[in-house]
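Work through the following exercises with the sequence and the model at hand. Each task is followed by a solution in steps.

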Amino acid sequence: MLSHILRKGVLSSNSSTLIRRYASTNGQETVLVVLYEGGEAGKKNKNILGCVENALGLREWIKENKLDSRLKLVVTSDKQGENSLAEKTLPEASVVISQPFWPCYLDQTRIDKAKKLKLAITAGVGSDHVNLEAACKRGITVAEVSGSNVVSVAEHVVMQILALVRNFIPAYKQVVNGEWDIAKIADKAYDLENKHVGTVAAGRIGLRVLQRLKPFDVHLHYYDKFRLDKSIEKELNVTYHSSVESLAKVCDVVTINCPLHPETEHMFDKKMLSLMKKGSYIVNTARGKIMDRDALVDAIKSNHIEGYAGDVWYPQPAAKDHPWRSMPRHAMTPHYSGTTLDAQARYAAGVREILGNWLNERPQREEYLIVDKGKVVSRAYTEGDATKGHSEKK
Ligand code: NAP
C-alpha cells in the first residue's frame, strides 16, 4: 500500500539516485530555460512563474544563493527554427529546462547538437518532448516535477467532461450571440449521473479524476498496465479493464491520462475510435499525439464521437489551421490545465530543487527521475521517441 501511495501520490522518497555535475570549461554552466511569453499579464503578475518574464523564480534564486558565477541563465520563448535563441544556445547548454505548455522538443538532432547537455528538466509533468532513447544513449538525465500539477489537471478533466455532456459551449455561445434557443441546446444536453466514465491510466491524475467523479454517481471504469490496490477499486467501485479496447467499448466518456510514449502514441487511431460507443465523448489532457489527429476529426464529423475536449496538441503551440480548432462539437483549450497559479508555484519550486541538487551533487527525489544513468527509470514510460522530431505536424 505504501509503495502504491509513493508511486501514485506526491510524497518524496529518501532512496534516490545521484545526478553528477560535469563542470563546464569556464566553470560556469549554461542553463537554457524555454518558457512561454508572459506579455502584459506576465509583467503585472509575478505569480505567473512559468513565463519568460518571471523565469520560474530562477533569477531571484540565483541571486539569493550567490550562484551568478556558477550559472549562466538563458531564458527565452524563441524555440522555433535554426536561428532561434534556443537552437543557438543548445551547443553550450549543460541543462535545458522546458515545459509541456511551450515545449522545447529535444529530438535526436537537437540532442546531437547539445554536446554538453547533462540534464533536461520538465517544469511540470510529462517528458515526452525529450527523445528518451537518445537521452539514454547520451547519459542525459531527464527529470520532471512529478505530482506538481496533478490536481490542477484532474479538476480540468472533470470540468471538460461536464462541459461536453451538458453541452455548455454552444449554450454559452448563444448568450454571447444574443440568442435564446433552449431546444437547440437541450437536444444534446445530458446528466452525467448513471453514465459510464472510464480513464485510460489510473496514475496520479487518472486516480484523482476517478476520486472526483465518484460523487456524481457514475459507473467508473479504468484501464492501466498495473491494477490499483483492491481496496481502492472497492472504495471507488471502479471496474478494471485489461485492455483499452474493452474500456472503449462500454464507456460514454473516455478520459485519457497516460504519458505519451511509444506504447501510447496514436493509441486512439481509426480502429480504436470505431470501437467506441456511438455518441460517446473523449477528454484528453494527456498528450495530443495519443490521438490520431485526422482520424479524430473524421470520427467527430461522422457523428460517431459526440464531442472532444482537452488542452493538449501536437506540436505545440498548435498551428492556426490545426483541424481540431475548427472541428464541430469540441471544447478544447490551449494547454493550460497544469499551469494554474497554484501549480506554477509547485513546479517552479520543484525545478529549483532539481537544479540545486544537480549543482551541489545531491541526490534527486526518485519519483522525479524519468531517465537516469542511461535507463528509463520511470515505470510509466518506455524508451523511444514518441515525438519523432519537432517538425512533424501530426
Ligand atoms: P503518472 O502518475 O506517472 O501516471 C501515468 C499512468 O499511466 C501510470 O499509471 C502508468 O502505468 C500509466 N501508463 C503508462 N503507459 C500506459 C499504457 N501503455 N497504457 C495504460 N496506462 C499506461 O503520471 P500523471 O501525473 O498521472 O500524468 C499522466 C500524464 O498526463 C503525463 O505523462 C502528461 O503527459 C499528462 N499531463 C498533462 C498535463 C496538462 O497540463 N495537460 C499536466 C500534467 C500531466 P504504470 O505506472 O502503472 O505502469
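**Exercise 1.** Determine in which sense β8 and β9 pair, and over how many bridges.

*Solution.* Strand β8, which covers residues 219-223, pairs with β9 in the parallel sense, and four bridges join the two; here two strands count as paired if DSSP finds at least two bridges between them. Strands are DSSP runs of E with at least two residues, and helices are runs of H or I with at least four, both numbered from the N terminus. As a next step, look at L220, which stands opposite V238 in β9. The model is predicted, so that local features need pLDDT of at least 70 and side-chain atom pairs count only at pLDDT 80 or more, while totals for chains, interfaces and linings use all residues. Residues are numbered from 1 along each chain as its sequence is written, and side-chain values use heavy atoms, with hydrogens and water left out.

**Exercise 2.** Place this pair in its sheet and find the edge strands.

*Solution.* The open sheet has seven strands in the order β9-β8-β7-β10-β11-β12-β13, with parallel pairing. Its edge strands are β9 (238-241) and β13 (330-332), each of which pairs on one side only. Helix α7 (residues 150-165) lies across β7, β10, β11, β12 and β13, and runs at about 150 degrees to β11; such angles run from 0 to 180 degrees between N-to-C directions of axes fitted to C-alpha atoms, for helices over the stretch in contact.

**Exercise 3.** Describe the sheet that contains β15 and β16.

*Solution.* Seven strands form this open sheet, in the order β3-β2-β4-β5-β6-β15-β16, and the pairing is mixed. Because β3 (71-76) and β16 (375-376) stand at the edges with a single partner strand each, one side of each is left without a neighbour in the sheet. Strand β15 (residues 369-372) pairs with β16 in the antiparallel sense over two bridges, and D372 has K375 in β16 as its bridge partner.

**Exercise 4.** Examine how domain 1 and domain 2 meet.

*Solution.* An automatic or database domain assignment gives the bounds, with domain 1 at 2-148 + 340-376 and domain 2 at 150-332. Counting contacts (heavy atoms within 4.5 Å), 23 residues of domain 1 touch 17 residues of domain 2. The rule finds one salt bridge across the interface, a term that requires a side-chain nitrogen of Lys or Arg within 4 Å of a carboxyl oxygen of Asp or Glu. D128 forms a salt bridge with R287, their closest N and O atoms being 2.6 Å apart.
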